[in-house]
Amino acid sequence: MSSNALTGPEIWTRGPLDGSTPSQDVGPDPRAAPPARQLAWVGAHGGAGTSTLAAVLGGVDGGRTWPRPEQGEPDGVLLVGRTHAAGLQAVSRALDVFRCGDQPPGLELVAVVLVADAPGRLPRSLHQRIKVIGSAADVHRVPWTPAWRTGDLNAPAPRETAALAALLAAPPVRMS
């Protein structure tokens, strides 16, 4: 028996039993989690914060353009708007696109993301508008983040964004 021969019970041996060298060309681990679903941040209006959110949390910065899933672009949208009156109105108009079925084929609204337009509490009228939007879609709120305002995108994301980060890291849901 040679010195490099495998010994011990067969269950303990590693590699091919015929003594050949194992192939280094091993396929993907079938137990590995599927890759995260690609989501696009789409702004309901200019300055909504899509670039910052994509840089900090991941995903695709779609700007203000709907992705086209039939062309290999993300099939899920995180619709982004600011919490001021004009931003919430723009979000409502964009939600109408999905309500009427006028979105690109295969595109799904995953959630609405509302980014604080200023520090502090919202006026009651804006809070009421957010409740109405929440009756039509899942809403995630992103608080005022001073570091982002000054361009420091390496600062830790606020804890309120954990659910958004989880959405971006989740594997795709397959519909049967």
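In the predicted model, the largest nonpolar core holds 19 residues, of which Leu79, Val91, Leu95, Leu109 and Val112 touch the most other members. At least two residues of this core come from each of β1, β3, α2 (85-99), β4 and α3 (124-134). Helix α2 gives the most, with six residues. A second, separate core comprises 16 residues, including Ala48, Leu78, Ala111 and Leu168.

Two members of the largest core were examined through their contacts, leaving aside neighbours within four places in sequence. For Leu95, the contacting residues are Leu79, Leu109, Val112, Ile133, Ala136 and Ala137. Val112 lies in strand β4 (residues 108-115) and is in contact with Leu79, Val91, Leu95, Ile133, Ala137, Asp138, Val139 and His140. Val112 has a relative accessible area of 0% and is therefore classed as buried. The C-alpha atoms of Val112 and Leu79 lie 4.7 Å apart in space, although 33 residues separate the two in sequence.

The secondary structure consists of five helices and five strands, which follow the pattern β-α-β-β-α-β-α-β-α-α along the sequence. The five strands form an open sheet with parallel pairing, in the order β2-β1-β3-β4-β5. Strands β2 and β5 (139-142) occupy the edges and have a single partner strand each, so one side of each is left without a neighbour in the sheet.

Strand β1 (residues 39-43) pairs with strands on both sides in this order, β2 and β3. Five bridges connect β1 to strand β3 (residues 76-82), and the two run parallel; within this pairing, Gly43 stands opposite Val80 of β3. The pairing of β1 with strand β2 (residues 60-61) is also parallel and has two bridges. Here Ala40 is placed opposite Val60, and Trp41 is placed opposite Asp61. Between β1 and β2 the chain passes through helix α1 (residues 50-57), in a β-α-β crossover that is right-handed.

The environment of β1 was considered next. In a regular strand, side chains alternate between the two faces of the sheet. In β1, Leu39, Trp41 and Gly43 point one way, whereas Ala40 and Val42 point the other way, and all are buried. Because five of its five residues are buried, β1 is largely enclosed by the rest of the structure. Strand β1 is also one of the elements that supply at least two residues to the largest core.

Over the whole protein, buried residues account for 31% of the 176 residues. The accessible surface amounts to about 11,400 Å², and carbon and sulfur atoms contribute 52% of this area. Among contacts between residues at least 6 apart in sequence, 68% join residues that are at least 24 apart. The positions of Val112 and Leu79, 33 residues apart in sequence and in contact with each other, give one example of such a pairing across the chain.

Technical notes:
Residues numbered from 1 in each chain as written. Predicted model: local features only at pLDDT ≥ 70, side-chain atom pairs only at ≥ 80, totals over all residues. Heavy atoms only, no water. Helix = DSSP H or I, 4+ residues; strand = E, 2+ residues; numbered from the N terminus. Buried < 20%, exposed > 50% of the residue type's maximum accessible area, 1.4 Å probe, protein only. Contact = heavy atoms within 4.5 Å. Pairing = 2+ DSSP bridges. Right-handed = clockwise from strand over helix to strand, strands pointing away. Areas by Shrake-Rupley, 256 points an atom, 1.4 Å probe, with all protein chains shown as cover. Core = buried A, V, L, I, M, F, W, Y, C linked by side-chain atoms within 4.5 Å.
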